[in-house]
Each structure stands twice: as C-alpha cells, then as structure tokens.
Amino acid sequence: MSVLERETVDGMALDQDGKGIRLLISDHLDWNNEYNHLLVLQEKINAYIVFCEEHQYNQIYPNMLIEYAILEIHFKYEPTAKAMNFLGQVQRQVNELGIMIECHITEEYNQ
C-alpha cells in the first residue's frame with residue numbers, strides 16, 4: 001500500500017492512550033515532479049479526512065470512542081519546502097476536526 005492507492009488506508013492503529021487512531025501514509029515517491037507528488041499526497045490526505053469524518057474506523061474498532069486522529073506520513077525522500085508549507089496549511093485546516101499531521105523520513109527506505 002502506498003500514497004498512490006488513495007482509497008486504501010496504508011496502516012491503522014490505536015494511539016497509546018486509546019483515545020485516538022493513527023493512520024499511516026506510506027510515501028515512497030521522490031520529489032522530481034513536485035507538483036504531481038503534491039496532488040497525489042493531497043488526494044490521499046483528503047481520502048483519510050473523509051475516513052475520519054465518516055467514522056469508517058468503526059469497522060475495525062467498533063466499541064471505541066475515538067477523540068482524535070493522527071495522520072502519520074512516512075516519506076522515503078525528504079519533503080521540499082513547498083511540501084512542508086502545504087502540510088502546514090493542511091494542518092491548520094484539519095485542526096478543528098481533531099486531526100493532526102506528523103511527518104517522518106523513514107530510515108529503512110534510505111538504507
């Protein structure tokens with residue numbers, strides 16, 4: 001699963017406190033075509049926002065009261081300045097929905 005499969009959740013788990021869910025986005029794309037990469041990432045994030053808003057996680061965690069979600073994006077390649085700006089804008093927009101974004105450069109990819 002990857003950022004290219006926008007209708008698929010790449011990974012999901014309860015957060016440590018049991019009050020939130022962590023949704024994984026696995027992004028293996030390089031930034032050579034930054035515009036295209038940002039569009040793909042935006043589509044994946046939008047699909048995850050819908051997943052959260054529609055409480056689709058209840059199919060996996062039916063009896064859990066989920067208070068927040070964390071979109072955990074694991075990049076193979078370090079995001080560009082434009083990408084980080086975009087993610088900052090998205091974070092400001094989804095804050096009110098109880099959604100947070102975390103970005104990681106996944107070391108396993110780079111070995």
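This is a guided tour of a predicted model, taken one selection at a time. Residues are numbered from 1 along each chain as its sequence is written, and side-chain values use heavy atoms, with hydrogens and water left out. Because the model is predicted, local features need pLDDT of at least 70 and side-chain atom pairs count only at pLDDT 80 or more, whereas totals for chains, interfaces and linings use all residues.

**The sheet**

Begin by selecting the strands, which, like the helices, are DSSP runs numbered from the N terminus (E and at least two residues for strands, H or I and at least four residues for helices). Four strands form an open sheet in the order β1-β2-β3-β4, with mixed pairing, where two strands pair if DSSP finds at least two bridges between them. The edges are held by β1 (11–14) and β4 (99–105), each of which has a single partner strand, so one side of each is left without a neighbour in the sheet. From one strand to the next, the twist averages 20°.

Now narrow the selection to β1 and strand β2 (residues 20–27), which run antiparallel and are joined by four bridges. Within this pairing, glycine 11 stands opposite leucine 24 in β2.

**The helices on the sheet**

Add helix α1 (residues 34–53), which packs on the sheet and touches β1, β2, β3 (68–75) and β4, its direction making about 160° with that of β2. Contact here means heavy atoms within 4.5 Å, while axes are lines fitted to C-alpha atoms, for helices over the stretch in contact, with angles running from 0 to 180 degrees between N-to-C directions. Helix α2 (residues 81–94) lies across β3 and β4, and runs at about 155° to β4.

Staying with α1, its 20 residues reach 28 Å from the first C-alpha to the last, close to the 28 Å expected at 1.5 Å a residue; the expected span is 1.5 Å times one less than the number of residues.

Next, colour α1 by accessibility, where buried means under 20% relative accessible area, exposed over 50% and partly exposed in between (1.4 Å probe, protein chains only). Among the buried residues of α1 are His37, Leu41, Ile45, Tyr48 and Cys52, and the buried residues of this helix pack against β1, β2, β3, α2 and β4. Select histidine 37 in particular: it counts as buried because its relative accessibility is 2%, and, not counting residues up to four places away in sequence, it touches Asp27, Leu29, Asp30 and Trp31.

**An aromatic pair**

From that list of contacts, move to tryptophan 31, which is buried with a relative accessible area of 11%, and add phenylalanine 75, which is buried at 0%. Their ring centres are 6.0 Å apart and their planes stand at 45°, so the pair is tilted. Rings of Phe, Tyr and Trp (its six-membered ring) pair if their centres lie within 6.5 Å, with planes under 30 degrees apart counted as stacked, over 60 as edge-to-face and the rest as tilted. Since tryptophan 31 lies in the loop between β2 and α1 and phenylalanine 75 in strand β3, the pair ties together parts that are 44 residues apart in sequence.

**Two loop stops**

Follow α1 to its end and select histidine 55 just after it, in the loop between α1 and β3. Histidine 55 has a positive phi of about 55° although it is not a glycine, and it is partly exposed, with a relative accessible area of 41%.

Finally, select glutamine 16 in the loop between β1 and β2, which is exposed with a relative accessible area of 83%. Glutamine 16 and leucine 87 are 71 residues apart in sequence and 24 Å apart in space, C-alpha to C-alpha.
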